[in-house]
Amino acid sequence: MGNPRHATSDEAAEAVGFLAAVESPPHGLFGGYLLVDQIGRPLEFHCTTPVRVSRAQQILYGATLEGHLHGRQIGGPLLAASSLAPRIVLVDSKAMMHVTEATPLPVALVEPGGEEWLREAHGELLPAIDLAEPFERIRAAIHEAQRHG
Amino acid sequence: MHNHKPGVWSWPTAGVMIPAATIDPDASTTVLPSPQLLRVPLETTAAEVVSPPVRLEPARVTSYAFRKPAPLRPEPACRRPSAADGESRTRVSPPADVVKLSERFFYLLQPDLETTLATSRLAFPHRPYPFQLEGIAFLVPRHAAVLADEMGLGKSMQAITAIRLLVHAGEARRVLVVCPKGLVFNWRRELAEWAPEVPVAVIEGDPARRRWQWSLEGMPVVLANYEVLVRDEGLLAETGQSFDLVVCDEAQRIKNRGSRTSEAVRGLSRGRAWALTGTPIENAAADLVSIFEFVSPGLVDDAMTPRSLGESVADHVLRRTKDTVLDDLPPRIDHDEPIELSADQQESYRLAEEEGVLRLAGMGQGATIRHVFELVLRLKQICNFDPAGGSSAKLDRLEAELEEVAASGKKALVFSQWVTTLERIARRLGRFGPLVYHGGMSTAARDEAIGRFRDQPGHAVLLLSYGAGAVGLNLQFSEYVFLFDRWWNPAVEDQAINRAHRIGAAGSVTVTRFLATGTIEERIDRVLAGKRALSEAILATAEGAAEAGDRAGGGLTQEELFSLFDLPSPGRAAA
């Protein structure tokens, strides 16, 4: 455990990625990327150290900061760290949708009330699990990582 | 005047300094001095550059991979749990003794238990209650655990489901369940009900047979009673048997540290150890220490103060009482308890039934309801007590259950159709302070019995006959009702049960109906279950209500009585 392994073609075809960023005011922004199989069991998990943004960066990046931070600086490295190319990457925020700038993988936003549309659009996507649920696991894992120091 | 910092002009004009004029108040003229040319360098020193980091560095990533999950395939049309529908999610949390972050992630990143159960191919006879799912989530990640739920909350079901998940995940390949001898049948039945696909080996029989059973491969679950474990302690050590998980049911059996039973259990080579007990072990420090010498040797010791003892075991013990899970529980839980008769009872029963059926068959048209009734009563009495030796599998079970009831400070009612049965039970269960209540007692004696049962803590059980106990009593402080033997009429049984249970009353009542397996009691139960269903169906319609009072609420008919022995009814012969 702890070393990414080479995926089988079946796992690559079946895996679905969940990508999220979690704000922790004293520390900064953490990123987490969870890959699961067709019934929601974890295959890989990747997380980042916190990214802090200075006041100057906030001013100079302006409105582009959030998308750049989430998509390129956090999402990009997380997807690059994975050994699996999932059939789709799901995100839970519009800011994280900017990860499309850093990856050729298909990315979709999970919004309240939009699950059924998403499943229909992407061919029976994870029929057995609530698509919002894996994001809860990411948040719990990041919180645990913070506690662990 | 401005400051004289280099590179900063301090004069309003550049290049020329104009000295002040000198005015002599005594002179007739003012002398203006000649202007002087002052050259001041225009060049400045370079500004200090500040370059705040603008470029955002990519985040550093740490990665974790998990073992390839077992190849369970989802049911094609399984129901998807959703928090949006108000369904709760039960998560398996890492225990406190799991310190490595990667291992803690393993638990945190699993799907919730509801999803796991919904997506697996594991069928369940009925949906577990939320508190039972929490109990399963408590057990699964723990190497050392004590499940101390109050009696009636389904400890064995929770343990079996947790075992099942571990076996399917490949986390446990060989599990040993140890229980009292009288509960082996019960465990076998519950394993078949809650984990039907998991092969189970039951260790029983002569030494050679047991040696072979212990060595069987491909048996993820092995079931043995405490006595067998003591007898085979040497065999297990000699063959170097080890288990990924050992579960001790009725763990108060090992509270005496010096007993052979405790030694045999502690001597088992095991990865995980779980103890199940219905008694509040936190009330007896010595008992707790002894149980933990099996569950987690070295974690606690006798020298610890009660507070430090409690803190040490806090993460390993889970106890719920019916009060704490009241919202999850229905107000009344009915529970059939199949009982396997003792060997003596089985032999006596077999002889009596064969002889009785032969006699009835020989009577032909001369057989009456009374003859059948007499045989049924005789067989039912054997199901209670062996006529020769007095052994009673039902009483053994009742005694074990009352231990937990009494230890929890609760009270129980026990019903039987025979006063002699109540008196035999009272003699055997003296340590629970049994009180008897039946129609042969005076009103004053009956009132006194009720008063003492209600008001005095030393009386954990009240033994009642159906007739006397079924009417006019209010015993709602009793949380447990046992039907030692069944009555003929489900309505009368319900009245008896309702002594303890009322719609809207606080608390949940657990009703346990003892049923001797493979006997007339099972056959009667099937007939009564049909009548109860008929009664409920008829009462659901207004026009059937009056008829229901006469028909479906009554006892067995002649045809039904004869059918208990596969005999044709001889027609409307006089009883």
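Two strands pair if DSSP finds at least two bridges between them. By that rule, β1(A) and β2(A) pair in this predicted model.

**Strands of chain A**

Strand β1 of chain A covers residues 16-24 and runs antiparallel to β2(A). Nine bridges join β1(A) to β2(A). One pair of facing residues is Ser24(A) and Gly28(A), the latter in β2(A). Three residues make the hairpin connection from β1(A) to β2(A).

β2(A) also pairs with strand β3 of chain A, residues 42-48. That pairing is antiparallel too, with five bridges. Within β3(A), His46(A) is the bridge partner of Tyr33(A). A hairpin with five residues between the strands links β2(A) and β3(A). Gly40(A) sits in this turn and has a positive phi of about 85°.

The two pairings of β2(A) are set out here.

| Strand pair | Sense | Bridges | Hairpin residues between strands |
|---|---|---|---|
| β1(A) and β2(A) | antiparallel | nine bridges | three residues |
| β2(A) and β3(A) | antiparallel | five bridges | five residues |

Why is β2(A) described as largely enclosed by the rest of the structure? Eight of its nine residues, within the span 28-36, are buried, so β2(A) is largely enclosed. Buried here means that 20 or more other C-beta atoms lie within 10 Å of a residue's own.

**Chain B**

Chain B has 575 residues, and 38% of them are buried. Its secondary structure comes to 21 helices and 16 strands. Consider the contacts in chain B with a separation of 6 or more: 72% of them join residues 24 or more positions apart.

Note on methods. Residues are numbered from 1 along each chain as its sequence is written. Chains are lettered from A and ligands numbered from 1 in the order in which they are written. This is a predicted model: local features need pLDDT of at least 70, side-chain atom pairs count only at pLDDT 80 or more; totals for chains, interfaces and linings use all residues. A residue is buried if 20 or more other C-beta atoms lie within 10 Å of its own, exposed if 12 or fewer, and partly exposed in between; C-beta atoms are placed from the backbone. Helices (H or I, at least four residues) and strands (E, at least two) are DSSP runs, numbered from the N terminus. Two residues are in contact if their C-beta atoms, placed from the backbone, lie within 7 Å.
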